Amino acid sequence: MKLKLVGPDHTGIECDALIFLEFEGAPRPELAASLAAYHESGEITGKYLEMTLLHSLPGFKARRILLAGAGKQDKFEVSSLWKLAAVAARLLKSKGVKSAAIALGTGFDSPDHVSAAVKAVIEACWEPDVLKTNADKDGSRSIDELAISVPAITKALEAAVKAGEIMGEASNLSRDISVEPPNKLTPMALAAHAQAMAKANGLTCEVLDQDRMRQLGMGALLGVAQGSAEPPAMVIIEYKPAKPASNARLALIGKGVTFDTGGISIKPSEGMEKMKYDMCGAAAVIGAMQAIARLKPSIAVTGIVPTVENMPGGKAQRPGDIVTSLSGKTIEILNTDAEGRLILADAITYAKQLGCTHLVDAATLTGAIVVALGNNQSGVFTNNDELLGQWMLAAKSSGEKMWHMPADDEYRELLKTVYADIGNVGGRAGGASSAAVFLKEFVGDTPWIHVDIAGTAWLDDAKPYMAKGPTGIPIGTFVRLATGWR
Ligand code: BES
Ligand code: ZN
Ligand code: ZN
């Protein structure tokens, strides 16, 4: 998308559609005369997300004006602008608009506002239909040019446009990867995406193959992979800042199960096709690493992607098997469908062996988190309140909703087994927390955040602000955590 920052002369902006924010009870003075009838009839109220598209308004070079209802002015946050701009962009692109502009007035012209608007429009243009062959696929309609009009052009706002572009593109990269079908996106193909991203952005990337993982002793991951004809991988992507601000080294770890049948503890067939989304955590890490490479924060960041396919078969792992993880701890497999925590256990141990000082993992880990929180909030688990504080701040400023869930030691009781150090499931009650506490067993005392994105990584139905399919969550929080590190 071609992006440019322009000054406050709204009438002179030449484009297919110019978006104005319309707050409740505050009709825009420059439009008041032309739109008096709309306001009197109550057709334009400024209610949040109300959209009114008008053609050829006198005095404007823009061919259309879109009045985007912004709601109550004192309730309007950066995340409200993100959603508003996304709804506006999806409406305009559906009408065939190619060039758009958005007017951000005083008070709504901070770098964060500008970044959010740019990011929103780029994300709004994403469609999940790359594999449709007919010409009239939805994705062929896209906005190609966006101008952001602000009261005063500054260096900081120019940088904000760039940052918004970097974030939007990273999120769309992660969604492009997540939407690939599981016959194409094998663990090796996922690793190849990571390598291509790393090469294009000047990052180092190492792929541990099955033999190497055997040598290292990653028995928990290899047990999951053994039922599949597709070889597994562990991908390590490194970002090193030119001038690190501290000795901290952040690990971003993403669950990369390219398809989860459940294995021998097989899932019901209804809806199983959705389990191609079981690598969304991994895709968010790959996208985040691209944004981090381009935004260059002052903290070292290591992206780690353990990736496998979870299949049943003659070589598959059985309930009752006991595997030895990289940490040396033994795990009794009680349910082969609780595979995410097994591959993450070895990834977490490996991150610690590499010297990472802070760990964050994202995983479509449990159905239980969907029951608990639904589809709007991701569940967050931690062993460290300070890191949690940083994480929640990053989440808030990126508009990704997160809810703190318990991972207290009491849940460890649920994972007790007489045959091994730990069992891989803890029963239905508190399922998201027992999964988190399983991970905590391998984390130890290193500050750690676990985000269960099973309910938030995928939109089952399109929304006015987003296409159906992968959401990219929690890529915004990943990147904010790194760029705002303190
Ligand atoms: N990938 C799934 C998580 C999942 C399940 C997401 C259902 C959305 C809907 C994960 O690997 C899994 O199967 N978890 C099991 C764990 C259980 C066996 C303890 C689950 O949540 O059912
Ligand atoms: Zn599973
Ligand atoms: Zn899974």
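Is Asp337 buried, partly exposed or exposed? Here are a few friendly notes on this predicted model, starting with that residue.

1. Asp337 comes out as partly exposed, at a relative accessible area of 21%. Asp260, by contrast, is buried, with a relative accessible area of 3%. Since buried means under 20%, Asp337 falls outside that class.

2. Both residues serve the zinc ion (ligand 2), whose donors are Asp260 (OD), Asp337 (O), Asp337 (OD) and Glu339 (OE), at 2.0 to 2.2 Å. Please note that Asp337 appears with both O and OD in that set.

3. The geometry of this site is irregular: there are six donor atoms, and the angles among them run from 70 to 165°. For six octahedral donors, the ideal angles would be 90 or 180 degrees.

4. Along the chain, the donors of the zinc ion (ligand 2) are spaced as D-x76-D-x1-E. Asp260 sits in strand S10 (residues 256-260), while Asp337 belongs to the loop between strand S13 (330-332) and helix H9 (340-354), so the pair ties together parts that are 77 residues apart in sequence.

5. A second metal is worth a look here. The zinc ion (ligand 3) lies 3.2 Å from the zinc ion (ligand 2), and Asp260 coordinates both.

6. Turning to internal space, the structure has one cavity of 30 Å³ or more, and the volume of the largest cavity is about 40 Å³. Its lining consists of Gly223, Val224, Gly227, Gly263, Asn310, Met311, Ala316, Gln317 and Thr336. By class, that lining has six polar residues, three nonpolar and no charged.

Technical notes: Residues numbered from 1 in each chain as written. Chains lettered and ligands numbered in written order. Predicted model: local features only at pLDDT ≥ 70, side-chain atom pairs only at ≥ 80, totals over all residues. Heavy atoms only, no water. 1 Å grid on protein atoms, 1.4 Å probe; cavity = no way out; pocket = protein on both sides within 12 Å on 5 of 7 lines; lining within 4 Å. Points joined across faces, edges and corners; volume = space filled by probe spheres on them. Nonpolar A, V, L, I, M, F, W, Y, C, P; charged D, E, K, R; others polar. Donors = N, O, S within 2.8 Å, 3.2 Å for Na, K, Ca; no water. Tetrahedral: all angles 85-135°; square planar, octahedral: opposite > 155°, others 65-115°. Helix = DSSP H or I, 4+ residues; strand = E, 2+ residues; numbered from the N terminus. Buried < 20%, exposed > 50% of the residue type's maximum accessible area, 1.4 Å probe, protein only.
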